[in-house]
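The following note sets out several points for your consideration. Each is kept to a short paragraph so that it may be checked against the coordinates.

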Amino acid sequence: MWVILIGAALIIGGLLLLFSSVLGRKPSNPHPLPQGGTTLEPRRQGLRFLGLSRNWPALALIAIGALLLAFGGYS
């Protein structure tokens with residue numbers, strides 16, 4: 001039972017670590033689009049925030065938690 005609870009806690013902790021950069025950011029100010037109108041999308045964000053080199057600790061926690069959940073029921 002404890003293995004399953006630890007696995008669930010690791011998954012939740014990994015998700016919180018993964019989303020911590022987004023949760024800690026202040027809200028953006030609206031800026032105009034070239035086509036007209038406004039948007040809250042950040043300028044020049046790119047896909048850097050999805051990189052494996054930046055998110056590997058959170059993904060490792062999620063993977064370890066998933067393994068504990070998967071194999072914890074057999075013990």
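1. L16 is located in helix α1, which spans residues 2–23. The model is a predicted one, and the remarks below should be read accordingly. With a relative accessible area of 51%, L16 is classed as exposed, because the cut-off for that class is over 50%.

2. Which residues form the nonpolar patch on the surface? L16 belongs to this patch together with I12, L15, F19 and L23. The accessible area of these residues together is about 500 Å².

3. A buried residue of the helix deserves a separate remark. G14 also has its place in helix α1, yet its relative accessibility is 0%, so G14 counts as buried. Whereas L16 is exposed at 51%, G14 thus falls under the 20% limit that defines a buried residue.

4. How does α1 pack with α2? Helix α2 comprises residues 52–72, and its axis lies 7 Å from that of α1, at an angle of about 160°. Because angles over 145 degrees count as roughly antiparallel, α1 is described as roughly antiparallel to α2. The crossing in which α1 passes α2 is left-handed.

5. Individual residue pairs may be set beside the helix geometry. G14 and L59 are 45 residues apart along the chain, while their C-alpha atoms are separated by 6.5 Å. For N55 and G14, the separation is 41 residues along the chain and 9.6 Å between C-alpha atoms. A further pair, P57 and L18, is 39 residues apart in sequence, with a C-alpha to C-alpha distance of 8.4 Å.

6. Are N55 and P57 buried or partly exposed? N55 has its place in helix α2, and its relative accessible area of 15% makes N55 buried. P57 lies in helix α2 as well, but at 33% relative accessibility P57 counts as partly exposed. The assignment of P57 follows because partly exposed residues are those between the 20% and 50% limits.

7. The overall composition completes the note. The protein has two helices and two strands, and from the N terminus on these elements run in the order α-β-β-α. Of its 75 residues, 11% count as buried. G14 in α1 and N55 in α2 are examples of buried residues, at 0% and 15% respectively.

Note on methods: Residues are numbered from 1 along each chain as its sequence is written. This is a predicted model: local features need pLDDT of at least 70, side-chain atom pairs count only at pLDDT 80 or more; totals for chains, interfaces and linings use all residues. Side-chain values use heavy atoms; hydrogens and water are left out. Patches are made of residues with over 30% relative accessible area and no salt bridge: like charges are joined within 9 Å, nonpolar side chains (Val, Leu, Ile, Met, Phe, Trp, Tyr) within 5 Å. Accessible areas come from the Shrake-Rupley method with a 1.4 Å probe; for residues, only the protein chains shown count as cover. A salt bridge is a side-chain nitrogen of Lys or Arg within 4 Å of a carboxyl oxygen of Asp or Glu. Helices (H or I, at least four residues) and strands (E, at least two) are DSSP runs, numbered from the N terminus. Buried means under 20% relative accessible area, exposed over 50%, partly exposed in between (1.4 Å probe, protein chains only). Axes are lines fitted to C-alpha atoms, for helices over the stretch in contact, and angles run from 0 to 180 degrees between N-to-C directions. Angles under 35 degrees count as roughly parallel, over 145 as roughly antiparallel, 65 to 115 as roughly perpendicular and the rest as oblique. A crossing is left-handed if the near helix is turned anticlockwise from the far one by less than a right angle, and right-handed if clockwise.
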